[in-house]
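Hello,

As promised, here is the structure for you to explore. Have it open while you read, and I will walk you through what turned up.

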Amino acid sequence: MRPYHQIPIVECGELLIEIPLKLFAVESPHPYEKLGAPYGERSPYYLRQSVVDNLVQAQNYLHLLLPNWQIQIFDAYRPVAVQQFMVDYSFGEVIEQRKLTEADLSPEQRQDIWEAVYEIWAVPSLDEQTPPPHSTGAAVDVTLVNGTGQIMNMGSPIDELSERSHPDYYANSSHPEAQQYHAHRQLLRDVMLKAGFQRNPREWWHFSYGDQMWAWLSNQANPANSLTARYGRLA
Ligand SMILES: C[C@@H](N)C(=O)N[C@H](C)C(=O)O
Ligand SMILES: [Zn+2]
């Protein structure tokens, strides 16, 4: 359980709709589809209606500052089966990086690897009270692309299992490159928050609107609020 799982979900029934991809840059091929994640008939490029509206708004704010830049969509809707697939895939990746063999793992090593995986991945829970954020259609993983179509360097790739994923990892560095990374992360955060999103405190790329994490972060930022989540799990 994470603290945000205490937030009640009052499902509003809003539709999951296709993201108008022609308005955005898009990571292609889709990073999890190319790994064989089991989307079935579903597409990752769907979000709840208000979440799409806010994403368009975020890009409009970006255009006021930098007319030719774009928000690049890395991932959006993620069925629980895909969440499970990605969690298992990441577990395997850590084993490989550490040059271990799954059959030989001690219980402590296994536990340590799961802790590393769940630092950035949500548990693929089927409990309706604790849905993975992306399975609600409220969460989106994004980055920035400049006017010449180059993906901005944020100082770490999306989904890296390391402290570099923390949004403020480069905040106090005196290195000019690191300051650039932080400036890019702040720009992305500023336009997304202005459009109503909240950012995951552990990941510079993960934003959501209307889910439990969003309500919890909004309530933390303003203790006078007692927001509930408007989106629960879809599948
Ligand atoms: C790992 C990253 N892509 C992500 O989406 N993390 C959040 C917490 C999630 O799994 O919902
Ligand atoms: Zn995410």
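Is E203 buried or exposed? Please bear in mind that this is a predicted model. E203 has a relative accessible area of 4%, and under 20% counts as buried, so E203 is buried. The residue is worth finding on your screen: an unreviewed UniProt entry places the feature "active site" at E203. Look for E203 in the loop between β6 (198-199) and β7 (206-208). Leaving aside residues up to four places away in sequence, E203 touches I120, S165 and P167.

Next, the zinc ion.

Ligand 2 is a zinc ion, and its protein donors are H134 through NE2, D141 through OD (listed twice) and H206 through ND1. These donors lie 2.0 to 2.8 Å from the zinc ion. Along the sequence, the donor residues follow the spacing H-x6-D-x64-H. Distant parts of the chain are linked here: H134 sits in the loop between α3 and β5, while H206 belongs to strand β7, 72 residues apart. Are these two histidines buried or exposed? H134 has a relative accessible area of 3%, so H134 is buried. H206 is buried too, because its relative accessibility is 4%.

Now for the sheet.

Five strands make up an open sheet, and their order is β2-β4-β5-β7-β6. The pairing in this sheet is mixed. At the edges are β2 and β6, each of which pairs on one side only. β2 pairs with β4 in the parallel sense, over two bridges. If you would like to see one residue pair in that region, V26 has I73 in β4 as its bridge partner.

On to helix α1.

How far apart are the end C-alpha atoms of α1? They are 25 Å apart. Helix α1 covers residues 49-65, which is 17 residues, and at 1.5 Å a residue it should span 24 Å, so the expected value and the one in the model agree. α1 lies across β4 and β5, and it runs at about 145 degrees to β4. The buried residues of α1 are S50, V51, V52, N54, L55, A58, Q59 and L62. Those residues pack against β1 (16-18), β3, β4 (70-75), β5 and α4. As you look along the helix, it may help to remember that an α-helix has 3.6 residues a turn, so residues three or four places apart point the same way.

Finally, some details of the backbone.

- The peptide bond from S28 to P29 is cis, with omega near 0 degrees. P29 is placed in the loop between β2 (25-26) and β3 (46-48).
- K99 is not a glycine, yet its phi is positive, near 55 degrees. K99 is in the loop between α2 (80-97) and α3 (107-120). With a relative accessible area of 76%, K99 is exposed.
- D159 also has a positive phi, about 80 degrees, although D159 is not a glycine. You can find D159 in the loop between β5 (139-145) and α4 (176-194).

A good place to begin your own tour is E203, where UniProt places the "active site" feature in an unreviewed entry. From there, go on to the zinc ion and its donors H134, D141 and H206.

Happy exploring, and do write back with any questions!

Best wishes

Definitions and conventions:
Residues are numbered from 1 along each chain as its sequence is written. Chains are lettered from A and ligands numbered from 1 in the order in which they are written. This is a predicted model: local features need pLDDT of at least 70, side-chain atom pairs count only at pLDDT 80 or more; totals for chains, interfaces and linings use all residues. Side-chain values use heavy atoms; hydrogens and water are left out. Helices (H or I, at least four residues) and strands (E, at least two) are DSSP runs, numbered from the N terminus. Buried means under 20% relative accessible area, exposed over 50%, partly exposed in between (1.4 Å probe, protein chains only). UniProt positions are given in the numbering used here, feature names are shortened, and annotations may be inferred rather than shown by experiment. Contact means heavy atoms within 4.5 Å. The expected span of a helix is 1.5 Å times one less than its number of residues. Donors are N, O and S atoms within 2.8 Å of the metal (3.2 Å for Na, K and Ca); water is not among the atoms, so sites may look incomplete. Two strands pair if DSSP finds at least two bridges between them. Axes are lines fitted to C-alpha atoms, for helices over the stretch in contact, and angles run from 0 to 180 degrees between N-to-C directions.
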